Amino acid sequence: MKRSFDLKAFALENIPLIGLIVLMAAVSLYSPNFLSVDNLLNILRQTSINAIIAMGMTFVILTAGIDLSVGSILAFAGAVCASMIAADTPLMVALLTTLVIGGALGAASGTIVAYFGVQAFIATLVGMTMVRGLVLVYTDGRPISTGNFDVANSFYEVGGGYVAGIPIPVIIAGFVFLICWYVLNNTRIGRYVYAIGGNEQVAQLAGVNVARVKVIVYAISGALAALAGIILTARLESAQPTAGLAYELDAIAAVVLGGTSLAGGRGRITGTLIGALIIGVLNNALNIMDVSSYYQMIAKGAVILLAVVLDGRSKTTSK
Amino acid sequence: MTALLELHAVDKAFGAVRVLRGVDFTVEPGRVVALAGENGAGKSTLMKIITGIYRRDAGSMLYRGQDMQFTTARQSMDAGIAMIHQELNLLPALSVGENIFLGREPVDRTGRIQWSEIDREARYWLAQLKQDIDPRTETGRLSIAQQQMVEIARALSMNAEVIIMDEPTDSLTDVETKILFDVVGQLKADGKGLVFISHRLGEIFQMCDDVAILRDGNMVHQGPVAEIDEDTLIRHMVGRELSDQYPFVPAKPSDVRLKVENLVAKGVRKMSFEARAGEVVGFAGLVGAGRTELGKAIYGANPVRSGRVEIDGVEMQLRSPRDGVLAGIGYVTEDRKLEGLIQSHGLRRNMSLTGLFRFTGRSGHIDKRAEREEITEYINAFSIKTHGIDAIVSQLSGGNQQKVSIAKSLVPQPRILILDEPTRGVDVGAKREIYTLINELKAQGLCILLMSSDMPELLGISDRILVMSNGLLTGSFDRDEADQETIMRCTVAGLTEGTVE
């Protein structure tokens with residue numbers, strides 16, 4: 001059976017993408033500069049950190065969970081990484097150690113959720129608070145400089161460098177996207193993630209090791225938050241104790257904008273990428289238009305609300 | 001005598017699909033009318049038109065002689081039409097009394113809820129149903145059967161003139177069903193009109209006065225029950241002869257596949273039995289006898305406290321459903337919606353969930369082509385009616401969902417298949433398809449444990465029948481020596497010996 005192209009179905013399926021295109025078209029009318037290569041690369045680079053966190057968040061939300069601890073893990077990972085760089089640790093060792101620490105912190109939240117039956121919101125709220133405290137203890141509330149060793153210079157490349165004209169953070173985000181897409185769509189664990197969010201009891205009775213998958217999912221989220229922390233620290237050339245404050249909210253917004261259901265079991269990683277881009281484009285456009293940062297937050301909130309309402313409506317009417 | 005409710009030439013279409021075509025339907029005071037028909041015949045749609053959830057496209061509805069068009073369920077309820085839904089519509093966190101009066105709590109002038117009145121009224125209606133339930137109990141703590149009784153109490157407390165019951169006995173035990181029938185008799189005597197929807201044909205003949213039969217949106221028959229027999233009823237429902245509802249193929253005796261010795265688990269006090277490859281062992285018992293719990297314990301979903309489980313002579317220690325799957329056990333739950341299928345996901349994802357390892361290597365990469373081929377094979381072999389491999393499960397009929405559920409447990413290629421109420425909520429035609437399927441699986445050498453509360457079904461397709469009561473084995477019969485009465489006696493035999501914790 002050959003299916004003819006159904007424009008309406010395609011539109012309903014891809015509301016986030018259409019939203020992004022409409023938004024970009026509208027901004028480009030206002031400011032021709034917006035579509036310049038430089039500005040677009042700029043948007044991509046600014047988006048990459050949120051996109052990376054949001055992709056980890058997608059895994060968690062697909063299992064019907066939530067991860068509020070990503071901002072704190074980002075800050076802690078950044079601080080640990082900065083101090084390792086300052087101590088002349090080989091770059092790869094420092095990066096891998098940081099990722100492992102992020103993954104372990106995430107796995108700790110995951111363990112509390114999966115094995116102690118604490119609700120994800122509470123477990124990761126506790127994680128968020130405690131890890132932020134850990135950051136303040138570790139940094140003593142002051143920024144950590146990355147030092148003057150040679151390794152620091154190669155470290156800065158991670159945040160500020162380019163390969164073939166493309167910012168390295170964008171390339172990293174692109175890789176993360178490809179891996180996440182593959183895992184969610186083509187592997188057993190990806191299927192299990194959707195199944196658990198769809199109906200945990202069904203998954204359990206079908207022989208899925210639900211608890212283990214949950215731990216893995218939070219570990220992924222933690223590790224990706226740590227990766228974002230590395231990029232941010234490399235970009236700023238120092239680790240800030242207040243880094244990543246409220247980043248979890250932007251990440252959740254990107255996931256929801258991308259059409260993933262907070263109830264779990266339904267959503268796509270492509271949507272999350274688009275959601276992150278919508279937020280990035282919006283930030284950039286509001287700057288270009290010289291909107292004061294106070295009004296920017298109001299505008300951002302309004303756009304997210306609009307997008308989610310539209311998406312929700314399309315889903316109920318298409319049934 | 002004038003009719004209480006009279007529908008004439010009612011049409012309803014969803015898009016291009018005509019669900020009801022010129023349907024006439026009458027509810028008379030003091031009579032129970034059974035509404036029969038296969039899944040998808042239009043029964044639910046008709047009821048939803050009566051209760052104002054849907055609007056009819058054409059036709060008329062007279063309620064107590066007046067032309068009516070309800071636009072919300074609330075309007076029909078206020079007018080005196082109550083519906084008892086098949087799926088429980090109770091809020092588990094609220095008390096029984098709060099549920100009974102939800103949305104119409106008695107209040108005084110300041111808006112304060114009159115708890116004492118709720119309490120008194122709820123107690124009264126529960127007593128009518130011979131239920132000793134404290135109205136202040138949290139509803140979620142009650143058994144499913146008790147919750148069904150609360151639902152019925154709610155409908156009664158509305159003092160409705162017309163009461164529609166959609167599969168009310170599905171989750172009730174025989175004792176409770178009898179109570180319900182008594183209550184229905186009383187309501188009849190009070191001049192209420194009742195509509196009774198059930199897949200259990202026996203109940204239609206037992207308690208209904210009239211029967212109305214829907215097929216493909218047409219009302220093919222309405223008349224007194226006394227003037228129709230079961231065969232005619234089924235013929236009207238399916239539109240063809242159903243030669244034999246229980247096609248039975250004798251088992252070929254084979255080796256013992258499953259050996260259970262002194263098994264103790266939640267709800268199971270002590271069970272020992274054997275089951276052979278290529279036979280269907282039926283489990284009879286009342287609701288709560290421990291059959292579901294036994295199945296779950298064997299599968300690994302409930303912890304085994306003591307005793308042995310042997311498969312093909314090897315002792316098994318199954319601590320999770322995952323262990324059960326890997327040991328070669330397929331499990332089909334009685335609760336399709338909550339435990340069986342992910343309702344919002346497609347066929348493919350549901351069907352391959354349990355046996356996903358068959359399409360993946362060590363890396364976890366899914367061979368999607370192999371998966372698609374196998375799933376398609378099952379869809380064809382089980383004649384699952386769907387418009388595609390990724391069709392959302394919740395949009396399939398009950399029978400098709402059940403087939404998906406069975407296929408799902410077969411994908412891992414089990415040696416033992418545990419079927420818990422495999423035909424619950426499934427129409428007559430699909431039931432027969434499932435029986436044929438069970439026979440085929442038996443012929444392939446599967447060892448099948450069949451838990452069912454449908455006695456004719458159990459007698460019809462089992463090679464042997466074991467009876468459980470109160471967590472104990474109280475009877476064991478070969479196919480030839482089993483009859484309904486003897487089994488019934490065994491189902492209550494264990495009740496005197498204390499209770500399961």
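This passage describes the fold of chain A, its interface with chain B, and selected residues of chain B in a predicted model.

Chain A is built from 14 helices and four strands. Its radius of gyration is 20 Å, close to the 20 Å that the globule rule gives for 319 residues, so chain A is as compact as a globular protein of that length. Along the principal axes, the C-alpha trace of chain A extends over about 60 × 55 × 40 Å. Of the 319 residues in this chain, 51% are buried. When contacts in chain A between residues at least 6 apart in sequence are considered, 78% of them link residues at least 24 apart. The exposed surface of chain A amounts to about 14,800 Å², with 67% of it supplied by carbon and sulfur atoms. Chain A carries 17 positive and 14 negative charges, and the mean positions of these two sets are 15 Å apart.

Within chain A, helix α9 (residues 188-198) is mostly covered, as eight of its 11 residues are buried. The buried residues of α9(A) comprise G190(A), R191(A), Y192(A), V193(A), Y194(A), A195(A), I196(A) and G197(A).

The size of an interface is often given as the accessible area lost when the parts come together. Between chain B and chain A, the buried area is about 2,200 Å², and carbon and sulfur atoms give 54% of this area. R322(B), R349(B) and L353(B) together supply 24% of the area that chain B buries against chain A, more than any other three residues. The contact involves 20 residues from chain A and 29 residues from chain B.

Two residues of chain B were examined for their backbone conformation. Most residues other than glycine have a negative phi. D216(B), which is not a glycine, nevertheless has a positive phi near 50°. This residue is located in the loop between β9 (210-215) and β10 (218-224) of chain B, and D216(B) is exposed, at 55% relative accessibility. E421(B) is likewise a residue other than glycine with a positive phi, of about 50°. The position of E421(B) is in the loop between β17 (416-420) and α15 (428-443) of chain B. Whereas D216(B) counts as exposed, E421(B) counts as buried, with a relative accessibility of 8%.

A further buried position in chain B is N400(B), which has a relative accessible area of 8%. N400(B) belongs to helix α14 (residues 398-410) of chain B. Apart from neighbours within four places in sequence, N400(B) makes contact with S383(B), I384(B) and K385(B).

Conventions
Residues numbered from 1 in each chain as written. Chains lettered and ligands numbered in written order. Predicted model: local features only at pLDDT ≥ 70, side-chain atom pairs only at ≥ 80, totals over all residues. Heavy atoms only, no water. Rg over C-alpha atoms; globule rule 2.2 N^0.38 Å. Buried < 20%, exposed > 50% of the residue type's maximum accessible area, 1.4 Å probe, protein only. Contact = heavy atoms within 4.5 Å. Areas by Shrake-Rupley, 256 points an atom, 1.4 Å probe, with all protein chains shown as cover. Lys, Arg positive; Asp, Glu negative; His and termini not counted. Charge placed at Lys NZ, Arg CZ, Asp CG, Glu CD. Buried area = accessible area lost by both parts, 1.4 Å probe.
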